[in-house]
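Reader: Could you pick one part of this model and go over it closely? I'd like to hear where its residues sit, what they touch, and how the surroundings are put together.

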Amino acid sequence: MIEIGIVLNFFHYLVNRFFVVPLGRIVGLTWWGAFAIALAGDIIQMLLYFYILEGAGVNKKLGRIVSKRFPSQEKVERTKMVQMARGMGYMGIAILAAMPVYFGGMYSAVLVSHLMHLKRRKSYIFLTMGSIIGSAVLVVGLRALWTFIKLMFI
């Protein structure tokens, strides 16, 4: 079962928790097991993105590789979600981290936190809270949807 979790966590980096939670359920994890995988993936991403954004030297090469995969800083800053998050400060990055969409999520939240020069430790707390809330809402929502579908067709 640990191997499935590792594979799902790796898959989390390619997409986001919106796909990891249902796939975790499909491969046999419990709903809250999939939640734990999504949360662990978000926390690892958060630490990795901060490391890349604040890094120098060797990290510049890694930063160039990552920047090809993700949208540019200017493109992210122009989105309405990011502009809203900048106005709200720490609570804004928590909301942004909770969203399981491409321009929401951990990457955008860490980028906004970095650009606003927010305190790193406090950002960790709010980003983790956002991830917990976002993953929990996704798990509860998907679980309710799955129960509704089972009731309708069984």
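Author: A quick definition first: helices here are DSSP runs of H or I with at least four residues, numbered from the N terminus. Keep in mind, too, that this is a predicted model. With that settled, let's look at the loop between α8 and α9, where K119 has its place. K119 is exposed, as its relative accessible area is 62%. Going by C-alpha atoms, K119 lies 9.4 Å from Y90, although 29 residues separate the two in sequence.

H117 belongs to that loop as well, the one between α8 and α9 (120–153). H117 counts as exposed because its relative accessibility is 71%, and the cut-off for that label is over 50%. The backbone is worth a glance here. Most residues other than glycine have a negative phi. H117, which is not a glycine, has a positive one of about 55°. There's another positive phi just after α2, where G28 takes a value of about 110°.

Now step back into the helix before the loop. S113 is found in α8, which covers residues 105–115. Is S113 buried or exposed? Buried, because its relative accessible area is just 1%. Leaving out residues up to four places away in sequence, S113 touches F50, I93, L118 and S123.

Two of those contacts of S113, F50 and I93, are good leads to follow. I93 takes us to the largest nonpolar core, which has 20 residues; I93 is among those that touch the most other members, along with M46, L96, M106, A109, V110 and L127. Helices α3 (31–54), α6 (80–88), α7 (90–98), α8 and α9 each supply at least two residues of this core. The one that gives the most is α8, with seven. There's also a second, separate core of eight residues, and its members include W31, F35, A38 and V139.

F50 leads somewhere else: to an aromatic pair, one of three in the structure. Its partner is Y124, and the arrangement is edge-to-face, with the centres 5.4 Å apart and 80° between the planes. The pair joins distant parts of the chain, since F50 is in α3 and Y124 is in α9, 74 residues away. The two rings don't share a burial label: F50 is buried, with a relative accessible area of 2%, while Y124 is partly exposed at 22%.

Further along α9 we come to S135. S135 counts as buried because its relative accessibility is 0%. Neighbours within four places in sequence aside, S135 is in contact with R17, F35, A38, L39 and D42. F35 and A38 are the residues already mentioned in the second core.

R17, another contact of S135, brings in α2 (residues 17–26), where R17, V20, V21 and G24 are buried. Seen down the axis of α2, these buried residues fall within an arc of 95°, so they line one face of the helix. That squares with a general point: an α-helix has 3.6 residues a turn, so residues three or four places apart point the same way.

So what does the close look leave us with? The loop holds H117, exposed at 71%, and K119, exposed at 62%. Back in α8, S113 is buried at 1% and touches F50 and I93 among others.

Technical notes: Residues numbered from 1 in each chain as written. Predicted model: local features only at pLDDT ≥ 70, side-chain atom pairs only at ≥ 80, totals over all residues. Heavy atoms only, no water. Buried < 20%, exposed > 50% of the residue type's maximum accessible area, 1.4 Å probe, protein only. Contact = heavy atoms within 4.5 Å. Core = buried A, V, L, I, M, F, W, Y, C linked by side-chain atoms within 4.5 Å. Arc of directions from axis to C-beta. Phe/Tyr/Trp six-rings, centres within 6.5 Å; stacked < 30°, edge-to-face > 60°.
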